[in-house]
Amino acid sequence: MFAEDACAKLIAGYQAIGDNVRKATNIGRSGDDRDLYRLVDKIVTLASEPYGDFLCVTGCTNCCYNLPFVTSLEWETLYAHMLKLPPAAQQTILQRTFDWFGAMLGRMIVGPAADTPGLIAMSSELSDVATTAGHHCPLLIDDRCSTYEGRPLPCRAYGHFMQRIDEMLRTPYMCVPAQHHLTDHFPKDTVLPLYNQFGARLVQLQGHDPALAFIPLWIASHATEGKLQDQINTRPDFASAVPQFIATGTRLWGAPAPD
Ligand code: SF4
Ligand code: SF4
């Protein structure tokens, strides 16, 4: 049984962090309590203390076989970290993006026009590709997230939160094996925070009409002549970048277009 005082301390800690969520002004920039990423990281650290070897086994990379879609706000931080990677790592990321996901890029735009059935179908297709071909997030290199410090919100939170689906239903925000582990090995009074308020704050910070896409499409939209372009574009024209890639087969990747 989880000690009552430890439980109370944990809840108080969650609440203190939660109180700052609505005051967060940025993600991945200030590194303090105004930084939504920092608040999620604090929750994860807080939960890991009393639960010891928590739900997620250190070194588990299975999450990276379920590609998240990210907002332009998250992409800003992620791309800043990508640009710091050595050229060889950047090439690996680009190569995988086009080799593994090139044929799917046209369906990776999540918003604002995308509909929910389309999003679900894309997630399912990506999951199939991961299962059958082992194609994971292009940023996972040598079983490590190459942009760990700048990874998107779901990647930081997954495995340590609950999520509210509606007023009545709360489910663990984690993979099925971790859910089973939670059910089988942790006491019924295990306390996990709700992810919803963090996701909601991200949407608020993003503002209206956000650019949303799966990670490979963001990467593809920043490829120029076989390299990552120096400048970030938080509003890329996905719709024209993708047909251009499909039409030429390799133009974004930088090889000569076919006759
Ligand atoms: S949520 Fe599941 S897949 Fe993700 S790190 Fe934890 S155990 Fe691994
Ligand atoms: S951004 Fe990093 S943590 Fe997230 S799915 Fe990709 S490799 Fe995994």
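The following paragraphs describe the fold, the nonpolar core, two helices, the ligand surroundings and two loop residues of a predicted model.

The protein chain is built from 10 helices and 9 strands. It comprises 259 residues, of which 32% count as buried. Among contacts between residues at least 6 apart in sequence, 72% join residues at least 24 apart. The average pLDDT of the chain is 83, and 86% of the residues score at least 70. Over residues 247–259 the pLDDT is below 50, and this stretch has 19 contacts in the model beyond near neighbours in sequence. Where pLDDT is low, the predicted coordinates should not be read in detail.

The largest nonpolar core contains 51 residues, and those that touch the most other members are Leu36, Val40, Ala157, Ala213, Ile215 and Leu217. At least two residues of this core come from each of helix H2 (36–51), S1, H3, H4, H6, H8, strand S7 (212–214) and H9. The most is given by H2, with 6 residues. In soluble globular proteins, nonpolar side chains tend to be buried together. For Ile215, when residues up to four places away in sequence are not counted, the residues touched are Leu67, Pro68, Val70, Cys137, Pro138 and Leu139.

Helix H3 spans residues 72–83 and has 12 residues. From its first C-alpha to its last, H3 reaches 16 Å, close to the 16 Å expected at 1.5 Å a residue. Its buried residues are Leu73, Glu74, Trp75, Thr77, Leu78, Tyr79 and Met82. The cover over these positions includes strand S1 (69–71) and strand S9 (227–228), together with helix H4 (87–101), helix H6 (153–157), helix H8 (196–206) and helix H9 (215–220).

Helix H4 has 15 residues, which should span 21 Å at 1.5 Å a residue; the end C-alpha atoms are 21 Å apart, in agreement with that value. In H4 the buried residues are Ile93, Leu94, Arg96, Thr97, Phe98 and Phe101. Among the elements that cover them are H3, H9, S8 and S9. H3 and H4 thus each appear in the cover of the other's buried residues.

Around ligand 1 there are 11 residues, of which Cys56, Cys60, Asn62, Gly159 and Cys175 come nearest. This shell has 9 nonpolar and 2 polar residues, and no charged residues. Ligand 2 is surrounded by Cys63, Cys64, Pro68, Cys137, Leu139, Leu140, Cys145, Thr147, Arg151, Pro152 and Cys155. By class, the shell around ligand 2 divides into 9 nonpolar residues, 1 polar and 1 charged. Pro68, Cys137 and Leu139 of this shell are also among the residues touched by Ile215.

Two residues that are not glycines have a positive phi: Asp142, at about 50°, and Glu225, also at about 50°. Asp142 is found in the loop between strand S3 (140–141) and strand S4 (144–145). Asp142 counts as exposed because it has 7 C-beta neighbours inside 10 Å, the limit for exposure being 12 or fewer. Glu225 lies in the loop between strand S8 (223–224) and S9. With 10 other C-beta atoms within 10 Å, Glu225 is exposed as well. The strands that flank Glu225, S8 and S9, are among the elements covering the buried residues of H4.

Key. Residues numbered from 1 in each chain as written. Chains lettered and ligands numbered in written order. Predicted model: local features only at pLDDT ≥ 70, side-chain atom pairs only at ≥ 80, totals over all residues. Near = placed C-beta within 6 Å. Nonpolar A, V, L, I, M, F, W, Y, C, P; charged D, E, K, R; others polar. Helix = DSSP H or I, 4+ residues; strand = E, 2+ residues; numbered from the N terminus. Expected span 1.5 Å × (residues − 1). Buried ≥ 20, exposed ≤ 12 C-beta atoms within 10 Å, placed from the backbone. Contact = placed C-beta atoms within 7 Å. Core = buried A, V, L, I, M, F, W, Y, C linked by C-beta atoms within 7 Å. pLDDT = per-residue confidence, 0-100.
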